[in-house]
Amino acid sequence: MINLYFDAEFTGLHKDTTLISIGIVSASGESFYAELNDFADYHFESDIQFVSDVSHYDFVLLVDLLASSALELPNCISASCHDINQDIARVLRISEKEAFDLSREQLLTKLGKSLPKGVKHNALYDAKIIQAIYRQLQ
């Protein structure tokens with residue numbers, strides 16, 4: 001299974017919204033970043049598990065871009081998204097609400113990790129933060 005760490009920015013948090021940007025980072029550090037308003041059909045050769053942070057919006061909207069529903073995703077893409085907010089809550093023994101309120105940058109700093117270069121809410125930067133936290137908490 002290949003983990004892809006991602007973040008996406010949309011014009012709104014509702015169905016039929018427009019993607020502004022997406023950042024994806026692979027486990028080996030390869031990255032993809034795009035600012036766009038339409039979707040091209042990409043094909044992957046291995047099983048893919050998306051990993052995000054509080055993925056309720058981003059994954060649902062990403063699925064809308066990839067297929068008409070999660071059940072119609074290509075077989076190589078898991079229809080569920082691994083959410084690091086749950087990992088943070090489990091490892092720190094706090095509620096998911098408390099985990100949601102934690103600064104991801106402060107968490108990485110407390111774990112002794114340096115922050116990637118970039119600006120918060122840039123999808124590629126956020127995907128790199130998600131990747132760093134996932135690696136630390138697994």
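Here's a quick tour of one pocket and of a strand that helps to line it. Keep in mind that you're looking at a predicted model. The largest pocket has a volume of about 530 Å³, and strand E1 gives the largest share of its lining.

**The pocket**
- Count up the residues lining the largest pocket and you get 19.
- To find the middle of the pocket, look for Asp7, Asp53, Asp58, His121 and Asp126, the lining residues that lie nearest its centre.
- What's the mix of residue classes in the lining? There are nine nonpolar, eight charged and two polar residues.

**Who builds the lining**
- Three elements each give two or more residues to the lining of the largest pocket: strand E1 (2-10), helix H4 (104-110) and helix H5 (123-137).
- E1 puts in four residues, which is the largest share.

**A closer look at E1**
- Is E1 mostly covered or mostly open? It's mostly covered, with eight of its nine residues buried.
- As a bit of background, side chains in a regular strand alternate between the two faces of the sheet.

**E1 and its partner strands**
- E1 and strand E2 (residues 19-26) run antiparallel, joined by seven bridges.
- You can spot this pairing at Phe10, whose bridge partner in E2 is Leu19.
- E1 also pairs with strand E4 (residues 48-52), this time running parallel, through four bridges.
- For an example here, go to Asn3 and look across to Gln49, its bridge partner in E4.

Conventions: Residues numbered from 1 in each chain as written. Predicted model: local features only at pLDDT ≥ 70, side-chain atom pairs only at ≥ 80, totals over all residues. Heavy atoms only, no water. 1 Å grid on protein atoms, 1.4 Å probe; cavity = no way out; pocket = protein on both sides within 12 Å on 5 of 7 lines; lining within 4 Å. Points joined across faces, edges and corners; volume = space filled by probe spheres on them. Nonpolar A, V, L, I, M, F, W, Y, C, P; charged D, E, K, R; others polar. Buried < 20%, exposed > 50% of the residue type's maximum accessible area, 1.4 Å probe, protein only. Pairing = 2+ DSSP bridges.
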